[in-house]
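These are my notebook entries on a structure I opened today. I set down what I looked up, in the order in which I looked.

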Amino acid sequence: MLATVTDETLVSRAIAGSDSAWNKLIKRYEKRVYNYALRMVGHPQDAFDLTQEVFMGVHRNLAGFRGDGAFPAWLFRIASYRCTDYLRRRRNDEPFDDERGFISSLPGPQEQAFTTHANHQISTALQQLPVEQRQVVELKFFQHFTFEDIAGQLGISPNTAKTRLYSALRKLKQHEELRDAL
Amino acid sequence: MLCEHANSRLVEYAEGVLDTDTQLEIKRHVEDCDTCQSDYAAIHQWRTMASHWHEESPPAQPHFMAVTHSNHYNWWDRLRHWFPTFASATALVLVTVMYAQQFQSAGVLPSNAATNYDSLPKLPQATQAAVVDSVLKTSRDQRQAELSTLLKILTAEMNRRSADTENSLRYIISTQIQGQKELDLLYGQLEVLLANPENTALLSTPHEGVPQ
Ligand SMILES: [Zn+2]
């Protein structure tokens with residue numbers, strides 16, 4: 001069986017200027033990042049744009065990866081930052097309601113944008129959440145990070161991460177139309 | 001076990017990562033507590049739902065590819081659609097050209113500009129085109145030669161990229177990074193040019209020397 005080159009090795013080769021190592025690194029994570037982006041923003045084209053921005057950010061900060069933690073945890077720190085920035089830029093154009101926060105003027109995720117009905121339902125449910133809560137749900141249930149990892153990725157305390165997750169769970173339970181999806 | 005102790009560890013409980021005794025204690029508590037039962041059910045449902053996510057592939061023919069082939073967009077619009085980062089950097093370069101002479105002594109141009117334009121103030125995305133337009137108009141009197149050279153380079157670069165038909169995510173990302181490197185180079189050259197306003201020969205195209 002062929003030994004897989006570690007992320008750390010690919011990173012150091014990429015820093016040293018190897019395009020092939022960099023391409024391998026993208027290939028290894030592009031689907032994971034794209035699917036993350038898709039669940040976070042709800043639209044394939046936006047997800048595509050965001051994925052590019054994430055990898056641009058990864059490339060720019062590659063030398064800052066110390067290898068003292070797992071590469072995915074570090075990657076998703078950049079992804080979270082880029083995603084927050086992306087959604088902030090997008091919602092600048094959207095109306096604000098004192099009680100509900102920013103209300104998306106864009107249509108919700110479209111069924112035909114997803115390969116399965118379940119994907120569409122999951123995406124619709126996630127879009128009901130404020131970005132801060134959506135991020136924790138994503139990083140916990142889809143990326144399986146620990147609360148310590150999530151705290152590091154979002155620049156908050158593990159307790160805050162937990163509180164946001166519980167708020168998200170309770171908010172979604174209240175949503176009648178989402179009960180079926182859940 | 002107190003409800004607050006059990007409740008705050010329901011996710012770890014669902015993941016099964018706690019020690020055996022704690023798992024058992026929480027299990028007993030959840031059986032008798034409505035709040036924890038309801039929270040646990042929601043956690044369990046999300047975990048199940050996440051496991052049902054079917055991995056999607058990035059779109060093979062992104063929408064913005066169509067934009068680059070439309071006659072309704074000029075090169076600047078194409079640039080903005082293709083390369084958001086590239087576009088902000090370009091706007092910054094143009095603005096810098098415009099103002100550098102006035103502010104150079106005040107230290108607006110970073111000493112290591114070639115790698116450092118990220119630290120310059122970001123322009124709001126929506127106003128970039130307007131800013132560049134106004135910079136172009138105002139600058140025509142003073143720095144027409146430099147700006148038109150710069151525009152020729154950027155236009156040629158955009159045409160080259162629009163002509164490329166590959167559109168995989170990896171290709172686009174590596175092209176963006178290449179664009180970033182070229183901008184670094186361009187930015188460095190502009191800085192030299194600003195220091196020696198008479199010498200336009202210093203401004204070369206990013207692909208100088210590469211056979212086409
Ligand atoms: Zn309880």
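Entry 1, the contact between the chains. I counted 43 residues of chain A and 38 residues of chain B in the contact. I was working with a predicted model throughout. I turned next to area, since the size of an interface is often given as the accessible area lost when the parts come together. For chain B and chain A I noted a buried area of about 4000 Å², with 63% of that area coming from carbon and sulfur atoms.

Entry 2, polar links across the interface. I recorded 12 residue pairs in polar contact between chain B and chain A, both residues of each pair being at pLDDT 80 or more. I also found 3 salt bridges across this interface. I looked up the one that joins D39(B) to R170(A), where the closest N and O atoms are 2.5 Å apart.

Entry 3, the zinc ion. Which protein atoms serve as donors of the zinc ion? I listed SG of C3(B), NE2 of H29(B), SG of C33(B) and SG of C36(B), at 2.0 to 2.3 Å from the ion. Along the chain, I read the spacing of these donors as C-x25-H-x3-C-x2-C. I entered the site as tetrahedral, the angles among its 4 donor atoms being 103 to 116°.

Entry 4, burial and cysteines. I checked the donors H29(B) and C33(B) and found both buried. I noted C36(B) as buried because its relative accessible area is 0%, and C83(A) is likewise buried, with a relative accessible area of 0%. Finally, I searched the whole structure for disulfides and found 0 over all chains.

Key:
Residues are numbered from 1 along each chain as its sequence is written. Chains are lettered from A and ligands numbered from 1 in the order in which they are written. This is a predicted model: local features need pLDDT of at least 70, side-chain atom pairs count only at pLDDT 80 or more; totals for chains, interfaces and linings use all residues. Side-chain values use heavy atoms; hydrogens and water are left out. A disulfide is a pair of cysteine sulfur atoms within 2.5 Å. Buried means under 20% relative accessible area, exposed over 50%, partly exposed in between (1.4 Å probe, protein chains only). Donors are N, O and S atoms within 2.8 Å of the metal (3.2 Å for Na, K and Ca); water is not among the atoms, so sites may look incomplete. Four donors count as tetrahedral if all angles lie between 85 and 135 degrees; four count as square planar and six as octahedral if opposite donors are over 155 degrees apart and all others between 65 and 115; anything else is irregular. Contact means heavy atoms within 4.5 Å. Buried area is the accessible area (1.4 Å probe) that two parts lose on being put together, summed over both. A salt bridge is a side-chain nitrogen of Lys or Arg within 4 Å of a carboxyl oxygen of Asp or Glu. A polar contact is a pair of N or O atoms within 3.5 Å; within protein, one must be able to donate a hydrogen and the other to accept it, and residues adjacent in sequence count only if both atoms are side-chain atoms.
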